[in-house]
Amino acid sequence: MELIPYMEKHGHEQVVFCVNEDAGLRAIIAIHDTTLGPALGGTRMWPYQSEEEALRDALRLARGMAYKAAAAGLNLGGGKAVIVGDPKKDKSEALFRAYGRFVDTLGGRYITAEDVGTDVNDMEYIRMETRHVVGISKTMQGSGDPSPVTAHGVIQGLRACAEERLHRDNLNGVSIAIQGLGKVGYYLCKFLSEEGVRIFGCDLDAENSERARQEFGVEVVAPEAIIDVQVDIFCPAALGGIVNDETMDRFRCQVIAGPANNQLAEDRHGDELARRGILYAPDYVINAGGLINVYVELEGYNRERAMVMTRGIYYNLKRVFAIARGQAIGTHIAADRMAEERIAAVRNVHKTYVPGMDRYPGRTRMPTR
Ligand code: NAD
């Protein structure tokens, strides 16, 4: 892979390679764009088979974070880091502290958090070496479990979807099928049952399904049959890639909207949903509650503030739908355009030099034109 041409093509600013042999650390930090603010994104730990695989993942995920933050209206850029290793075998205090020191060298240009393969304990080791980490536990003045905030954000998004496609101004009487009744799925059932929604749900873990049935009256469906249920809204809350060649013909819904990351197996599946008249709520717009939650941690955590800020997801999705309608494009493309427009607009604002402000990375830039 030719790294610098790749970075130029996709708009990345910086890539940092981090090695500490004694600690067994091999990590890559990718920073996409800091126009809006410091690059925030989790640290993934994964047994990548090659350096190129790890690098590509970091670059791709960093760019995704820039779009997510921009679409959510946050003053954050996009970044992501990967640690090469098996999270079941290779974790140690030294590894995460060595990594934390590299994060610290960036002086706040990159702020890290949990991701696949890392957890709150790992963040606490990182926190020993740098303050540029979020998603730490409540006992350490962190924000704790983001799932209720993510679910609250998804509910706001579902309202926007119901208005757009079902022509209803609330969710009462709407039917929904939730795939995955884990952390976010649980809170979705709780909030939706309070709104009078008819909920179908499934999980590979029978205990999760049973809990949702008992507590919220969820009608439990076999995991392999959830896509075939005739409902107003299908809500992916498990794994990514659920909108694919195999599932496309099976959906019996008018809307697909939920918290799962990377729901479209490929972009062309978003085009196909649009062609079939199924409204798709772009995943990174509707599931931004988790990111909003850690953003609030940067300001001094307050759950109420996180919940209030998350209401903005309703307006963000309305805007995505308006762009999609106005430009006759799929909502997945409209979301990207909305994010790109905001980054370009703020870049323009930052052309103006303000004395004393240039010490804040990403906040202001010298005029370039
Ligand atoms: P989780 O692991 O707690 O829950 C996922 C659940 O899905 C599990 O209970 C699992 O058994 C179930 N599952 C997996 N495959 C399934 C299948 N084929 N059919 C039915 N059930 C299946 O995870 P979570 O934190 O609730 O996150 C759910 C999704 O939302 C993930 O894609 C995650 O990346 C995304 N997300 C979560 C947050 C958050 O705040 N937790 C924020 C943004 C995005």
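## Helix axes and angles

Axes here are lines fitted to C-alpha atoms, for helices over the stretch in contact, and angles run from 0 to 180 degrees between N-to-C directions. With that in hand, let's walk through this predicted model, starting with two helix pairs and then moving on to the ligand.

## α5 against α11

Take α5 (147-166) and its partner, helix α11 (residues 303-310). Their axes sit 9 Å apart, and the packing angle comes to about 25°. Angles under 35 degrees count as roughly parallel, and α5 and α11 are therefore roughly parallel to each other. As for handedness, the crossing of α5 past α11 is right-handed.

## α6 against α7

How far apart are the axes of α6 and helix α7? For α6 (183-194) and α7 (residues 206-216), the axes are 10 Å apart, and the two helices pack at an angle of about 20°. That makes α6 and α7 roughly parallel to each other too. Here as well the crossing is right-handed, with α6 passing α7.

## Around the ligand

Now for the ligand, which has 19 residues surrounding it. Closest in are Thr150, Val184, Asp203, Ala238 and Asn261. Both α5 and α6 turn up again here, since each supplies at least two residues of the shell. Sorted by class, that shell holds nine nonpolar residues, eight polar ones and two charged ones.

## Backbone contacts and burial

Which residues bring a backbone N or O atom up to an oxygen atom of the ligand? Ala238 does, at 2.8 Å, and so does Pro259, at 3.4 Å. Leu204 also has a backbone N or O atom 3.4 Å from the ligand, but in this case the partner is a nitrogen atom. Taken alone, the ligand would expose 830 Å², and the protein buries 74% of that.

Methods
Residues are numbered from 1 along each chain as its sequence is written. This is a predicted model: local features need pLDDT of at least 70, side-chain atom pairs count only at pLDDT 80 or more; totals for chains, interfaces and linings use all residues. Side-chain values use heavy atoms; hydrogens and water are left out. A residue is near a molecule or strand if one of its heavy atoms lies within 4 Å of it. A polar contact is a pair of N or O atoms within 3.5 Å; within protein, one must be able to donate a hydrogen and the other to accept it, and residues adjacent in sequence count only if both atoms are side-chain atoms. Accessible areas come from the Shrake-Rupley method with a 1.4 Å probe; for residues, only the protein chains shown count as cover. Helices (H or I, at least four residues) and strands (E, at least two) are DSSP runs, numbered from the N terminus. Ala, Val, Leu, Ile, Met, Phe, Trp, Tyr, Cys and Pro count as nonpolar, Asp, Glu, Lys and Arg as charged, and the others, Gly among them, as polar. Angles under 35 degrees count as roughly parallel, over 145 as roughly antiparallel, 65 to 115 as roughly perpendicular and the rest as oblique. A crossing is left-handed if the near helix is turned anticlockwise from the far one by less than a right angle, and right-handed if clockwise.
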